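Here is the note on the model you sent round. The points are numbered so that you can reply to them one by one.

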Amino acid sequence: MNQDTPRNTPSDESSDDSGIRYVNLYEAEDKIYTRRITGFYQKLRRYTGLPLIAGFILLPWLMIDSRPAILFDLPERKFHVLWTTFWPHDGMYLAWLLIISAFLLFTVTVLVGRVWCGFTCPQTVWTQMFIFVEYFCQGDRNKRIKLDAAPWSLEKVLKKGATFGLWFLIALITALTFIGYFVPIRELIVGLVTLDAHPAAAFWVFFFTAATFINAGFLREQVCKYMCPYARFQAVMYDTDTLTVFYNYVRGEKRGPRKPGDDYKAQGLGDCIDCSWCVQVCPVDIDIRDGMQSECIDCGLCVDACNTVMDKMDYPRGLISFTTEDAVENGKTHVLRPRFIGYLLVLLVMVSVFVYNISTRTPLGMELLRDRGVRMYRISGKDVQNVYTLKINNMDGQAHRYAVEVSGDYPFRVQGYKALEVESGEVFTFPMRVAVERKALQDVETQITLTVTSLDDQNLTTQHTTSFIGPPLREY
């Protein structure tokens with residue numbers, strides 16, 4: 001099969017008197033004018049992108065318990081995700097989520113290639129929106145090429161101005177929505193309108209507006225080619241049974257133009273009529289007929305374009321299709337293979353552990369520290385006492401009253417205790433004394449377990465085990 005073959009080779013060469021040849025390895029990127037095409041994969045991209053955009057925009061407006069459904073409150077160090085609040089010490093869950101996402105990406109890539117890049121990556125979705133705006137304001141590919149080549153006129157100013165205006169509007173909505181995940185979006189918009197927003201929030205809205213405008217409007221495929229690391233290590237995950245976009249060179253070669261109805265096989269030609277539609281629709285400007293290339297994002301637009309041409313020529317579809325290298329060369333493929341099964345098993349185990357830990361997570365934390373300002377123990381009448389500092393962290397969305405109990409090998413009790421009222425998000429510090437009758441204590445050191453339980457929700461409970469120090473036995 002054809003391997004990576006560069007479509008653009010350096011053309012600027014020079015040599016000096018010594019015969020040394022100098023080659024310019026850097027070539028300016030030409031603007032890509034994509035042809036608009038209809039087909040199954042174009043519709044699939046639209047139907048997968050629209051729900052993602054809708055969810056991204058609407059989630060900051062959804063309210064749960066008088067707060068946004070998703071709010072990453074950095075000043076308060078709290079992440080609100082639907083009905084759950086995560087705290088700094090819950091960073092383990094974030095690490096697990098990132099690892100699971102990575103393995104999910106590996107599993108999907110082994111099975112169906114770079115469909116994430118082609119259908120759901122924000123870079124792809126936003127670029128698709130900006131290209132549609134160009135089509136809406138300036139027309140299809142040929143009209144845009146002529147407009148850019150034409151001298152400036154009122155028509156060109158109006159079309160370019162409308163394009164940039166809609167780009168800016170999309171970029172502004174994107175920035176406001178993104179910052180709305182960190183600052184309540186209603187307060188953010190009101191603050192910007194009244195010029196009362198925090199300077200940091202205003203700066204980041206401006207920054208992400210400009211970044212989105214430049215990224216989706218001008219950089220586009222350069223992000224995929226030069227900035228995204230995924231294209232660099234995708235080849236490690238591919239194998240000959242990975243489903244991806246392929247050109248069937250066995251059927252397509254030799255290429256050449258012809259008219260419908262011609263006996264092209266008698267001329268030694270294959271099914272490819274060399275119309276270059278597959279190149280014209282490609283958002284990263286590659287020729288899939290040159291073989292697998294790192295720039296290909298598996299968007300399937302070249303498949304739709306080629307199928308359209310095959311229909312016009314009354315040839316069978318599938319000259320370019322989502323298939324595997326084995327299917328092209330040997331006519332068969334294997335879905336269940338060791339690498340895919342291994343990734344899938346690891347992914348299932350990690351997801352199961354993650355879901356179990358999230359579902360059994362108790363939004364109540366406690367910390368028990370021995371008071372450093374006193375002796376290890378104290379004698380009070382007939383009792384031996386240890387002094388501790390108890391910290392209760394109420395991570396639930398509402399206030400609770402907590403009961404404190406102590407247990408161990410001896411009849412321990414908490415002195416000076418009363419039910420503790422702790423507000424939502426509060427870390428309540430309570431100095432407490434644990435006592436036991438001196439005659440009942442038979443060890444210099446023993447273990448005690450402190451249990452904190454909510455009086456209004458018995459499911460909110462947690463325990464901590466520590467040591468209780470008594471006097472030497474000779475003092476009894």
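**Notes on the predicted model**

1. L364 sits opposite N394, a residue of strand β12. The coordinates come from a prediction. The pair belongs to the contact between strand β10 (residues 364–370) and β12, which is antiparallel and has seven bridges.

2. Strand β12 has two further partners that are worth listing. With strand β11 (residues 378–380), β12 forms three bridges in the antiparallel sense. I379 has V384 in β12 as its bridge partner. The connection between β11 and β12 is a hairpin with two residues between the strands. In that turn, G381 has a positive phi of about 65°.

3. The other partner is strand β16 (residues 427–437), which is joined to β12 by eleven bridges and runs antiparallel to it. Within this pairing, L390 faces F430 of β16.

4. How many of the twelve residues of strand β12 are buried? Eleven are, so the strand (residues 383–394) is largely enclosed by the rest of the structure. Buried here stands for a relative accessible area under 20%.

5. A separate item is the open sheet of four strands with the order β15-β13-β17-β18, paired antiparallel. Its edge strands are β15 (420–422) and β18 (461–469), each of which pairs on one side only. From one strand to the next the twist averages 30°. Strand β13 (residues 400–408) is joined to β15 by three bridges, and the two run antiparallel. One bridge there has R401 with E421 in β15 as its partner.

6. There is also an open sheet of three strands, in the order β5-β6-β7 and with antiparallel pairing. The strands at its edges are β5 (70–73) and β7 (84–86), each pairing on one side only. The average twist from one strand to the next is 15°. β5 and strand β6 (residues 78–81) are paired antiparallel over four bridges. F72 lies opposite F79 in β6.

7. Turning to packing, the largest nonpolar core has 38 residues. Those with the most contacts inside it are V245, I288, C302, V303 and I320. Elements that each supply at least two residues of this core are α3 (115–120), α10 (230–237), β8 (244–247), α12 (277–280), α13 (301–313) and β9 (320–323). Which of them gives the largest share of this core? That is α13, with eight residues. As background, nonpolar side chains in soluble globular proteins tend to be buried together.

8. On the surface, F132, Y135, F136, L166, L169 and I173 make a nonpolar patch of about 550 Å². Helices α4 (122–138) and α6 (154–179) each supply at least two residues of the nonpolar patch. I173 is in helix α6. Is I173 buried or partly exposed? Its relative accessibility is 39%, so I173 counts as partly exposed. The class runs between the limits of 20% for buried and 50% for exposed.

9. Some backbone geometry should be listed with its location. The peptide bond from E253 to K254 is cis, with omega near 5°. K254 belongs to the loop between α11 (249–252) and α12.

10. Positive phi also appears in residues that are not glycine. D285 has phi near 60° and is in the loop between α12 and α13. With a relative accessible area of 27%, D285 is partly exposed. D314 has a positive phi of about 60° and is likewise not a glycine. Where is D314 placed? It is in the loop between α13 and β9. D314 is exposed, its relative accessible area being 69%.

Key
Residues are numbered from 1 along each chain as its sequence is written. This is a predicted model: local features need pLDDT of at least 70, side-chain atom pairs count only at pLDDT 80 or more; totals for chains, interfaces and linings use all residues. Side-chain values use heavy atoms; hydrogens and water are left out. Two strands pair if DSSP finds at least two bridges between them. Axes are lines fitted to C-alpha atoms, for helices over the stretch in contact, and angles run from 0 to 180 degrees between N-to-C directions. Buried means under 20% relative accessible area, exposed over 50%, partly exposed in between (1.4 Å probe, protein chains only). Patches are made of residues with over 30% relative accessible area and no salt bridge: like charges are joined within 9 Å, nonpolar side chains (Val, Leu, Ile, Met, Phe, Trp, Tyr) within 5 Å. Accessible areas come from the Shrake-Rupley method with a 1.4 Å probe; for residues, only the protein chains shown count as cover. A salt bridge is a side-chain nitrogen of Lys or Arg within 4 Å of a carboxyl oxygen of Asp or Glu. A nonpolar core is a set of buried Ala, Val, Leu, Ile, Met, Phe, Trp, Tyr and Cys residues joined through side-chain atoms within 4.5 Å.
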